[in-house]
Amino acid sequence: MSDDKFTSITEPSLGMYKDKGSKFNAYLLPCKSEESFRAQLELVKANEPNARHYCWAFRIDPEEIYERSNDDGEPANTAGAPILRALQSAELVNVACVVVRYFGGIKLGVPGLISAYGGAAKEAIHSNTLVTEVITRDIALHFDYSELSFVERVSRELNLTTVERIQEARLRYVVRVEKSKLEETLQHFEKNHLLRVSAL
C-alpha cells in the first residue's frame with residue numbers, strides 16, 4: 001500500500017469471545033482523535049454497566065501513528081497489548097477497540113487472557129468491512145472567470161475533487177488532491193500566472 005493509503009473502517013462492529021464462563025464483547029470503533037475515543041469509551045461503559053473490565057487500544061493519525069492501550073485492572077500486558085496487536089496485524093488506523101469482560105468465576109491465567117482479549121478484538125475486525133482511505137491535502141485556487149475552463153480541465157486531468165466553489169467577483173475553488181501528488185498539482189496550476197494558488 002502506498003504512503004497515501006491506509007486501512008480503516010467507517011462503521012462500528014461487535015466481536016464476541018467466551019472462555020470458561022467469562023464473556024468478552026469487543027467493540028471496534030472508527031476514531032480519528034483521542035477525544036473521540038474517550039467519548040465512545042464512555043458510551044460503551046454506559047451500554048455495558050455491569051462489566052468487570054473495559055480494556056482498550058487505539059491507533060490514530062495515518063501520517064504519524066499514535067497508539068495507546070490500557071489493561072483496566074487486568075494483569076499487565078494481558079489485555080490492552082493483545083488488543084493493540086490485533087489492530088496492528090490488520091494494519092488498521094483511525095480505529096479503536098474496547099473489549100468488555102464479564103468474569104465467569106474461573107481465572108483464565110495470563111495465556112488465557114491474552115488469547116481472549118486478542119481473540120475478541122480479531123472477531124470484531126473480521127465482522128467489519130475494512131476500507132482503504134487516502135491521505136489528502138486541500139488547495140485553494142483564486143482566479144478570474146476567464147480561467148474557469150483551464151481550472152476545470154486540469155482538475156479533470158489530475159482527477160481532483162472540488163470540495164468548495166465560491167463565485168463572486170473572482171472565483172474561489174478548493175480542490176482535494178492525494179498527498180503524494182500535491183507538488184505536481186501545484187506546479188500544474190502555477191504555470192498559469194493569473195491563478196493564485198495556496199495549499200491549505
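Strands β9 (residues 161-167) and β10 run antiparallel and are joined by six bridges; helices (H or I, at least four residues) and strands (E, at least two) are DSSP runs numbered from the N terminus. Two strands count as paired if DSSP finds at least two bridges between them. Within this pair, Arg-165 has Tyr-173 in β10 as its bridge partner, and a hairpin of three residues leads from β9 to β10.

A quick note on what you are looking at: this is a predicted model, in which local features need pLDDT of at least 70 and side-chain atom pairs count only at pLDDT 80 or more, while totals for chains, interfaces and linings use all residues. Residues are numbered from 1 along each chain as its sequence is written, and side-chain values use heavy atoms, leaving out hydrogens and water.

Strand β10 (residues 171-178) also pairs with β8 (residues 136-143), in the antiparallel sense over eight bridges. Here Asp-138 has Arg-176 in β10 as its bridge partner.

Now turn to the open sheet of five strands, which follows the order β2-β3-β6-β4-β5 with antiparallel pairing. Its edges are β2 (13-19) and β5 (66-70); each has a single partner strand, so one side of each lacks a neighbour in the sheet. From one strand to the next, the twist averages 15° (axes are lines fitted to C-alpha atoms, for helices over the stretch in contact, and angles run from 0 to 180 degrees between N-to-C directions).

Within this sheet, β4 (residues 53-60) and β6 (residues 95-102) pair over seven bridges in the antiparallel sense, and Phe-58 stands opposite Ala-96 in β6. Helix α1 (residues 34-47) packs on the sheet, touching β3 (22-30), β4, β5 and β6, where contact means heavy atoms within 4.5 Å.
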